[in-house]
Amino acid sequence: MPGAIEARGLVKRYVTWERRGLFRRRRRSVEALRGVSFSTRWGEVFGLLGPNGAGKTTTVKILSTLLLPDEGGARVAGYDVVTEAVMVRDSIGVVLSVERGFFWKLTGRENLRYFGMLRGLRGRELEERVSRVLRLVGLEELGAADKLYEEYSLGMKARLALARALLHDPRVLILDEPTLGLDPVSARRIRELVVRLAHEEQRAVLITTHNMFEAEMICDRVAIIDEGVIKAIGSPEELKAKIAHSVPIVIRFRGEGGPGEAEKALRAGLEVLGLSVRPVEDGYVARILVRSGEDEEVLARAIAVLAKLGFSIRSVEVSKPSLEDVFVALTTRGKSGA
Ligand SMILES: Nc1ncnc2c1ncn2[C@@H]1O[C@H](COP(=O)(O)OP(=O)(O)OP(=O)(O)O)[C@@H](O)[C@H]1O
Ligand SMILES: [Mg+2]
């Protein structure tokens with residue numbers, strides 16, 4: 001079986017014209033992609049994460065045959081996106097972040113019938129497919145299948161866009177920020193469906209998002225892209241492990257006893273990156289910053305130090321690096337603090 005998505009050295013430049021005074025314009029070239037390579041597997045949700053302007057949508061458009069690369073190439077479901085664009089289009093379902101192209105005066109079902117016919121579906125097969133995808137995305141159960149598109153909420157529009165992408169039963173799904181701006185219920189529905197389509201039906205899903213929580217929840221692997229360059233690829237766990245050495249771990253606990261005494265004892269007994277003790281109603285909250293890998297040892301020592309004073313610890317929280325930390329560590333936006 002051919003690979004799901006394979007991008008090799010994709011380069012894309014956009015040419016824009018800058019105004020210089022009243023009559024003069026200067027040609028400016030923006031290098032949106034500077035050699036993007038990655039491959040995704042069948043049955044996997046692959047996330048493309050990056051800050052605004054990183055090149056996510058440009059990548060998605062090239063893979064969907066909506067844009068031609070200037071250099072490099074890509075294959076989707078085994079077909080070349082430049083020379084076999086028609087085959088690629090038959091194999092993919094696409095949801096772009098800025099959704100256009102639905103008819104406002106038609107219902108969701110009528111819209112899908114129209115797009116199904118463009119895909120060559122007719123008669124009973126068309127009706128069955130349309131009903132199936134309306135059920136799948138939950139528009140049927142919301143009672144929205146036969147409402148006019150102009151009455152749709154953002155969540156319903158997003159669901160209909162996904163329904164349209166699924167009409168012809170594609171093996172590859174390419175979704176550009178499919179949950180952007182959605183309420184938690186709609187977003188969750190779409191995430192669950194995306195995971196099911198990949199894991200249970202062995203489709204390949206490429207999803208772009210800024211939402212680290214979402215990526216961590218549903219992506220089997222992610223690529224972090226910044227300024228047109230892939231900075232890292234791996235499972236969320238692998239990427240977190242990679243940066244763990246540079247991201248401190250925070251231990252927070254609530255203790256009983258005198259805050260002043262506790263702080264003094266902890267400072268004397270521990271070697272840590274940072275320590276603060278804040279009095280609260282019936283004791284204190286301590287916050288200790290430690291190097292990764294040292295959290296268990298430090299916590300055990302803290303407990304021992306406090307036990308000597310007869311103080312007990314009530315609740316402990318240990319925060320390990322998140323995918324967001326990886327993102328901040330690897331992207332320029334994170335480095336500049338913007
Ligand atoms: N049609 C265009 N003409 C000129 N420049 C463009 C065009 N489309 C995108 N760009 C530029 O290319 C770069 C990558 O844009 P792209 O839309 O791929 O980023 P993105 O990662 O999808 O960002 P976002 O998170 O904001 O959607 C940006 O610098 C953007 O300004
Ligand atoms: Mg985009």
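## Strand 11, the mixed sheet and the shell of ligand 1

In strand 11, which spans residues 249-255, side chains point alternately to two faces: Ile249, Ile251, Phe253 and Gly255 lie on one face and are buried, whereas Val250, Arg252 and Arg254 lie on the other and are not. In a regular strand such alternation between the two faces of the sheet is the rule. The model described here is predicted.

### Pairing of strand 11

Strand 11 has antiparallel partners in strand 13 (residues 283-290), to which 7 bridges join it, and in strand 14 (residues 313-319), with 6 bridges. Individual bridges can be named for both pairings. Arg254, one of the residues on the face that is not buried, has Val285 of strand 13 as its bridge partner. Phe253, which points to the buried face, is bridged to Val316 of strand 14.

### Domains

The domain assignment divides the chain into domain 1 (5-242) and domain 2 (248-320). The centres of domain 1 and domain 2, taken over C-alpha atoms, are separated by 46 Å.

### The open sheet and its helices

An open sheet is formed by 6 strands in the order 6-7-8-3-9-10, with mixed pairing. Its edges are strand 6 (92-95) and strand 10, each of which pairs on one side only. From one strand to the next, the twist averages 15°.

Within this sheet, strand 9 and strand 10 run antiparallel and are joined by 5 bridges. Asp226 stands opposite Val229 of strand 10. Two helices lie across this region. Helix 8 (residues 236-243) crosses strand 9 and strand 10, and runs at about 110° to strand 10. Helix 11 (residues 323-330) lies across strand 3 (45-49), strand 9 and strand 10, at about 30° to strand 9.

### Residues with positive phi

Most residues other than glycine have a negative phi. Two residues that depart from this pattern are listed below.

| Residue | Phi | Loop | C-beta atoms of other residues within 10 Å |
|---|---|---|---|
| Gln202 | near 55° | between helix 6 (184-199) and strand 8 (204-209) | 14 |
| Glu227 | about 50° | between strand 9 (221-226) and strand 10 (229-234) | 17 |

Is Gln202 buried, exposed or partly exposed? Gln202 counts as partly exposed because 14 other C-beta atoms lie within 10 Å, a number between the limits of 12 or fewer for exposed and 20 or more for buried. Glu227 is likewise partly exposed, because it has 17 C-beta neighbours inside 10 Å. The loop that holds Glu227 connects strand 9 with strand 10, the two strands that run antiparallel in the open sheet.

### The shell around ligand 1

Which residues surround ligand 1? The shell consists of Tyr14, Thr16, Val30, Ala32, Gly50, Asn52, Gly53, Ala54, Gly55, Lys56, Thr57 and Thr58. By class, these comprise 4 nonpolar, 7 polar and 1 charged residues.

Three elements each supply at least two residues of this shell: strand 1 (5-20), strand 2 (24-40) and helix 1 (56-63). Helix 1 makes the greatest contribution, with 3 residues.

Notes: Residues are numbered from 1 along each chain as its sequence is written. Chains are lettered from A and ligands numbered from 1 in the order in which they are written. This is a predicted model: local features need pLDDT of at least 70, side-chain atom pairs count only at pLDDT 80 or more; totals for chains, interfaces and linings use all residues. A residue is near a molecule or strand if its C-beta atom, placed from the backbone, lies within 6 Å of it. Helices (H or I, at least four residues) and strands (E, at least two) are DSSP runs, numbered from the N terminus. Ala, Val, Leu, Ile, Met, Phe, Trp, Tyr, Cys and Pro count as nonpolar, Asp, Glu, Lys and Arg as charged, and the others, Gly among them, as polar. Two strands pair if DSSP finds at least two bridges between them. Domain bounds come from an automatic or database domain assignment. Axes are lines fitted to C-alpha atoms, for helices over the stretch in contact, and angles run from 0 to 180 degrees between N-to-C directions. Two residues are in contact if their C-beta atoms, placed from the backbone, lie within 7 Å.
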